Amino acid sequence: MYLTISHFSSLAFMDNHLLKAAFICFILSFFQSCCNAASYNVVSFGARPDGRTDSSQALERAWRAACASTSSTMVYIPRGTFMTKPVVFSGPCRSRILFRMDGTLVAPPNYQDMGNSGFWILFTKVSRLTVHGGTIDARGTKFWACRRSGSNCPPGVRSISFLWSSNVVVSGLKSLYSELIHVTISNCNNILFEHLNIIAPSRSPNTDGIIIQSSTGVTIRNSLIRTGDDCIAVGPGSKNIWMEKIACGPGHGISIGSLGNSLNEAGVQNVTVTNAIFTKTQNGVRIKSWARDSKSFATNVEFRNIVMRSVDNPIIIDQTYCPSNQCPRQTSGVEVSNVRYSNIKGTSTTVEAVKFQCSVSNPCRGIQMRNIRLTTPNRVTTSTCENVHGSASGQVVPRSCL
């Protein structure tokens with residue numbers, strides 16, 4: 001029987017060993033089914049592994065051939081370096097597709113050639129897809145320099161995006177030097193990311209690792225994310241999100257939000273971050289919302305079994321977010337409730353290791369802290385609570401302000 005990724009969504013909140021076993025069974029069944037399937041090597045469609053020839057049309061031709069197949073197929077990118085301008089792999093397709101990369105996809109040397117679509121590698125309206133292995137290198141260095149100089153720069157592109165898709169597995173992918181966001185997930189259902197390696201310098205602007213929006217049933221695990229913005233950001237309309245065994249740093253941490261940028265914005269619910277390590281990040285686990293009226297919310301969130309290593313703000317809820325300073329007289333309408341922090345330890349670079357700065361009009365409710373130990377070398381750590389209701393149990397350092 002074919003396993004869909006919806007099985008992972010139902011297992012995600014159960015025992016980790018069951019999830020791992022289910023994942024292995026899924027991968028094995030998929031690869032076994034593809035062994036006898038047709039294989040579409042992009043070289044056969046005109047792609048050249050010389051790192052200079054534009055292979056974008058060859059990639060799309062190989063994809064269209066695979067997408068039209070009535071049986072399971074594989075799009076194969078062999079060893080070598082393939083230069084490609086923005087490409088779109090669109091569905092719906094007639095059967096399962098394995099998109100296997102043994103080689104590297106690189107962006108054009110001139111960032112102006114990336115165009116204005118906002119996307120570099122885009123999968124849209126696909127289902128039953130596995131992306132396995134490979135490296136994508138967006139060569140973002142010159143684009144970042146343009147932005148820092150204040151010049152008239154193009155909008156930039158996200159490295160790899162999944163839109164309006166379902167039942168997708170992405171395993172073993174390495175993403176380097178994205179111009180903007182490395183991985184975007186929007187309006188998707190049942191997606192599993194495993195063994196990702198995301199790399200950009202700490203000072204690269206807006207190079208978020210993974211952004212999730214309006215999606216349900218997303219699992220991210222066993223991944224390393226080093227970047228210049230949020231390692232992972234969970235945006236409006238997302239629910240049933242599971243993040244496990246994540247190494248984050250440098251970067252801005254794992255964030256829910258920012259939320260409440262508009263009045264009728266959807267909320268976020270059922271989010272878990274577990275067994276994660278943050279190293280020299282600006283934030284650890286963060287919830288942030290705009291200081292303006294909104295019907296958005298964040299509820300049923302759990303951060304547990306986490307290690308902080310020299311993190312500036314290990315635990316933070318910030319409901320005063322307003323970088324443009326155009327809403328100083330408003331308060332956040334976003335309702336934050338049922339947020340649990342447990343078994344979190346490590347070091348903070350600031351004395352204020354825990355900061356709950358919640359909304360005056362919608363105080364945070366149901367905040368729980370259990371077994372927290374955050375220290376600052378040679379100084380006494382503190383916690384701050386504004387407009388928050390909750391409880392603490394077990395050992396809590398710094399002393400709870402709840």
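**Core.** I began with the nonpolar cores of this predicted model. The largest one has 87 residues. Inside that core, the residues with the most contacts are Trp63, Phe123, Phe162, Phe303 and Tyr341.

I took Phe123 and listed its contacts, leaving aside neighbours within four places in sequence. Phe123 touches Trp63 and Phe162, both of which are also on the list of residues with the most contacts in the core. The other partners of Phe123 are Phe89, Phe99, Leu129, Val131, Ile160, Ser161, Leu163 and Ser165.

I then found a second, separate core of 6 residues, with Tyr111, Trp144, Cys146 and Ala200 among them.

**Disulfides.** Cys146 led me on to the cysteines. I counted 5 disulfides in the structure and looked up three of them, starting with the partner of Cys146.

*Cys146 and Cys153.* The sulfur atoms of this pair are 1.9 Å apart, and the two residues form a disulfide. I read a torsion of about -110 degrees about the S-S bond, so I noted the disulfide as left-handed. Cys146 has 7% relative accessibility; the limit for buried is under 20%, so Cys146 counts as buried.

*Cys231 and Cys248.* Here the S to S distance is 2.1 Å. The angle about the S-S bond is 85 degrees, and I noted this link as right-handed. Cys231 sits in the loop between strand 18 (216–226) and strand 19 (232–234), whereas Cys248 belongs to strand 20 (residues 239–248), so the disulfide ties together parts that are 17 residues apart in sequence. I found both Cys231 and Cys248 buried.

*Cys385 and Cys401.* The sulfur atoms of this disulfide are 1.9 Å apart. The torsion about the S-S bond is about 70 degrees, so this disulfide is right-handed. I placed Cys385 in strand 29 (residues 382–386) and Cys401 in the segment after strand 30 (388–397); the pair therefore ties together parts that are 16 residues apart in sequence. For burial, I read 23% relative accessibility for Cys385, which counts as partly exposed. Cys401 is partly exposed as well, with a relative accessible area of 28%.

**A cysteine without a partner.** I also checked Cys188, which is in no disulfide. The nearest cysteine sulfur belongs to Cys93 and is 14 Å away. A disulfide needs sulfur atoms within 2.5 Å, so Cys188 and Cys93 do not qualify. Cys188 has 1% relative accessibility and counts as buried.

Methods:
Residues are numbered from 1 along each chain as its sequence is written. This is a predicted model: local features need pLDDT of at least 70, side-chain atom pairs count only at pLDDT 80 or more; totals for chains, interfaces and linings use all residues. Side-chain values use heavy atoms; hydrogens and water are left out. Buried means under 20% relative accessible area, exposed over 50%, partly exposed in between (1.4 Å probe, protein chains only). Helices (H or I, at least four residues) and strands (E, at least two) are DSSP runs, numbered from the N terminus. A nonpolar core is a set of buried Ala, Val, Leu, Ile, Met, Phe, Trp, Tyr and Cys residues joined through side-chain atoms within 4.5 Å. Contact means heavy atoms within 4.5 Å.
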